[in-house]
There are 2 protein chains.
Amino acid sequence: MSQGESGIHLETSLGYLLKEASSALRTAMEDVLRPLGMTITHYSCLELLAQRPGLSSSELARGAFVTRQSMHVLLQHLEREGQVARPSEAPVGKVLPARLTPRGRRALAKASAAVRSVEVRMLAGMSDAEQAAAFRALQSMVRSLRDDPATP
Amino acid sequence: MSQGESGIHLETSLGYLLKEASSALRTAMEDVLRPLGMTITHYSCLELLAQRPGLSSSELARGAFVTRQSMHVLLQHLEREGQVARPSEAPVGKVLPARLTPRGRRALAKASAAVRSVEVRMLAGMSDAEQAAAFRALQSMVRSLRDDPATP
DNA sequence: GAATGTATGTCAGACTACTGACATGAGTCA
DNA sequence: TGACTCATGTCAGTAGTCTGACATACATTC
């Protein structure tokens, strides 16, 4: 039956290609993080805390693109491992600001270098102009998807 | 401490933005597929079978960017639901070619239209030239990540 | 023909992230 | 003040995907 223009053509679909690219990036990152005993979300959490100390669990979740429940269990794990510290009581409201410990900073240093090498590899062969164009295009896609919450 | 150029700057990282974009796309697709009782991998499987009938479980897995084990359990489910059919014996070797049933085709029709609307929304505000540039950029990233398997 | 390497289908267990739900604190507004 | 809304932290259960393992089928090589 005519799927015509109402369907998706995998070969030419930007959505499909976006998924392919993010899948390739995820695999490459997992490959370099696994030897360090770290998952992508784990790394993302540490990187976010390094750049924005004091972030709450919910804010970290948004920054790592997972639910706050997922980040919650990860933070519990990282606290037990001694990579992250949180006050036992909230300074204000219920929000518990998290911070890296020295151990967390050391773990991040190796991971960050590894991830950086993946990103460099990913961008090999692209000019600065091409990278800038890709950046703007992806930003536009994110904005368009967020602005309209699913037209019913 | 100087994280310098060895680290990642979240605000300007193409890798981070790529993850953000794919996360936004995933969420948007889940939002329109959930009312249809379908997951993204489920939809991807049907779409692949519509465009390339006779694909094996392993080939479907690669096309949907999951492991063949994950696709295997999904296919078992879809066979029970009557959306997909496979011969009980392999025509050649061990490979079992899968095909859509009429019921699978009907389920796909709705899903495909829904996903198409998400893609249209995502590309709103982008010129054809911008879309083409984004397409080439993403293709380049995929190629670069695959060609070099993790330089140790 | 035998040995090896590669790809597939399948089963089992473990893990990650998700949805659902509840209580709590903060801000807004009548 | 009280009612309402919203964001957060947390607990519990579920679902989807992954890793590990094994047997089988084909192709290649010696």
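Let's start with A:E30, which is partly exposed, having a relative accessible area of 28%. Keep in mind that you're looking at a predicted model. The side chain of A:E30 meets that of A:R26 in a salt bridge, with 3.7 Å from N to O. A:R26 also counts as partly exposed, at 36% relative accessibility. How many residues apart are these two in helix α1 of chain A? They are four residues apart, so about one helical turn separates A:R26 from A:E30. As for the pairing itself, side chains of opposite charge can pair when their charged atoms come close.

That bridge is one of ten salt bridges that the structure holds over all chains. Another one links B:E20 with A:R146, and here the closest N and O atoms are 2.9 Å apart. This pair crosses between chains: B:E20 sits in helix α1 (residues 14–33) of chain B, while A:R146 sits in helix α6 (residues 128–147) of chain A. A:R146 is partly exposed, with a relative accessible area of 46%.

Now stay with chain B and find B:R86 and B:E79, whose side chains meet in a salt bridge at 3.0 Å, N to O. Are the two partners buried or exposed? B:R86 has a relative accessible area of 18% and is buried, whereas B:E79, at 29%, is partly exposed. The cut-off explains the labels, because buried means under 20% relative accessible area.

You'll find another buried residue in a loop. B:S56 lies between α2 (40–51) and α3 (57–64) of chain B, and its relative accessible area is 8%, so it counts as buried. Which residues does B:S56 touch, apart from its neighbours within four places in sequence? The contacts are B:V95 and B:L96.

Finally, turn to the DNA. Strand D is surrounded by 22 residues, and A:S58, A:R68, B:T41, B:T67 and B:S70 are the closest. By type, the residues of this surface are three nonpolar, twelve polar and seven charged. Of the strand D atoms within 4 Å of the protein, 63% belong to sugar or phosphate, and the rest belong to bases.

Some side chains approach the bases themselves. An N or O atom in the side chain of A:R68 is 2.6 Å from a base oxygen of strand D. For the side chain of A:K94, the distance to a base oxygen is 2.9 Å, and for that of B:Q69 it is 3.0 Å. The elements giving two or more residues to the surface near strand D are α3 (57–64) and α4 (68–81) of chain A, together with α4 (68–81) of chain B. The largest share, four residues, comes from α4 of chain A.

Note on methods
Residues are numbered from 1 along each chain as its sequence is written. Chains are lettered from A and ligands numbered from 1 in the order in which they are written. This is a predicted model: local features need pLDDT of at least 70, side-chain atom pairs count only at pLDDT 80 or more; totals for chains, interfaces and linings use all residues. Side-chain values use heavy atoms; hydrogens and water are left out. Buried means under 20% relative accessible area, exposed over 50%, partly exposed in between (1.4 Å probe, protein chains only). Contact means heavy atoms within 4.5 Å. A residue is near a molecule or strand if one of its heavy atoms lies within 4 Å of it. A polar contact is a pair of N or O atoms within 3.5 Å; within protein, one must be able to donate a hydrogen and the other to accept it, and residues adjacent in sequence count only if both atoms are side-chain atoms. Ala, Val, Leu, Ile, Met, Phe, Trp, Tyr, Cys and Pro count as nonpolar, Asp, Glu, Lys and Arg as charged, and the others, Gly among them, as polar. A salt bridge is a side-chain nitrogen of Lys or Arg within 4 Å of a carboxyl oxygen of Asp or Glu.
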